[in-house]
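Here are my notes on this one, as numbered points. Have the viewer open while you read.

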Amino acid sequence: EGPSGKDRATVNQLLAEVPESEIEGGYADYEGQIPQMEGVEALSKEDMAVLEKWVNPAYLKDKGVRDVRAKFEEESCVELREFLRNDAAEALKEACCAADAKECF
């Protein structure tokens, strides 16, 4: 069950509670297009080896990365369905349930 009442608020409601002078860096004006990611290094073989243990292979292929990026640039958000590998998601779920049981949740 999600938050309700005082535990549930919009971003504007939360920001209204904090004076702008207390927000680190304040707000920046949007000045045109989002810059391309030139000069970003590719992932190393070691990075890929770690990611391949956890992430659905479709998201690690060049086409998958391009598709996600294009969607994000177009809509400013993406929903990554089945992002984790099934075996990794199941192992994570079991570990979380075990931790919850240990803590009596």
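1. A term to settle up front: buried means under 20% relative accessible area, exposed over 50%, and partly exposed in between (1.4 Å probe, protein chains only). With that in hand, R85 is partly exposed because its relative accessible area is 30%, and D87 is partly exposed too, at 45%. The side chains of R85 and D87 meet in a salt bridge, 3.1 Å from N to O; that term stands for a side-chain nitrogen of Lys or Arg within 4 Å of a carboxyl oxygen of Asp or Glu.

2. On provenance: this is a predicted model, where local features need pLDDT of at least 70 and side-chain atom pairs count only at pLDDT 80 or more, while totals for chains, interfaces and linings use all residues. Residues are numbered from 1 along each chain as its sequence is written, and side-chain values use heavy atoms, with hydrogens and water left out.

3. The overall layout: the chain has 4 helices and 0 strands, counted as DSSP runs numbered from the N terminus (helices H or I, at least four residues; strands E, at least two). Of its 105 residues, 6% count as buried. Helix α4 has 17 residues and reaches 24 Å from first C-alpha to last, close to the 24 Å expected at 1.5 Å a residue (the expected span is 1.5 Å times one less than the number of residues). C104 follows α4 and has a positive phi, near 65°.

4. Back to charges: the salt bridge count comes to 5. One of them joins E75 and K71, with the closest N and O atoms 2.9 Å apart. Both E75 and K71 lie in helix α3, 4 residues apart, about one turn of the helix. R81 and E79 form another salt bridge, at 3.2 Å N to O, and both R81 and E79 are exposed.

5. Which residue pairs with Y59? The count is 1 aromatic pair, taking rings of Phe, Tyr and Trp (its six-membered ring) with centres within 6.5 Å; planes under 30 degrees apart are stacked, over 60 edge-to-face, and the rest tilted. Y59 and F83 form that pair, tilted, at 5.3 Å centre to centre and 55° between the planes. Y59 lies in the loop between α2 and α3 and F83 in the loop between α3 and α4, so the pair ties together parts that are 24 residues apart in sequence.

6. F83 is partly exposed, at 32% relative accessibility.
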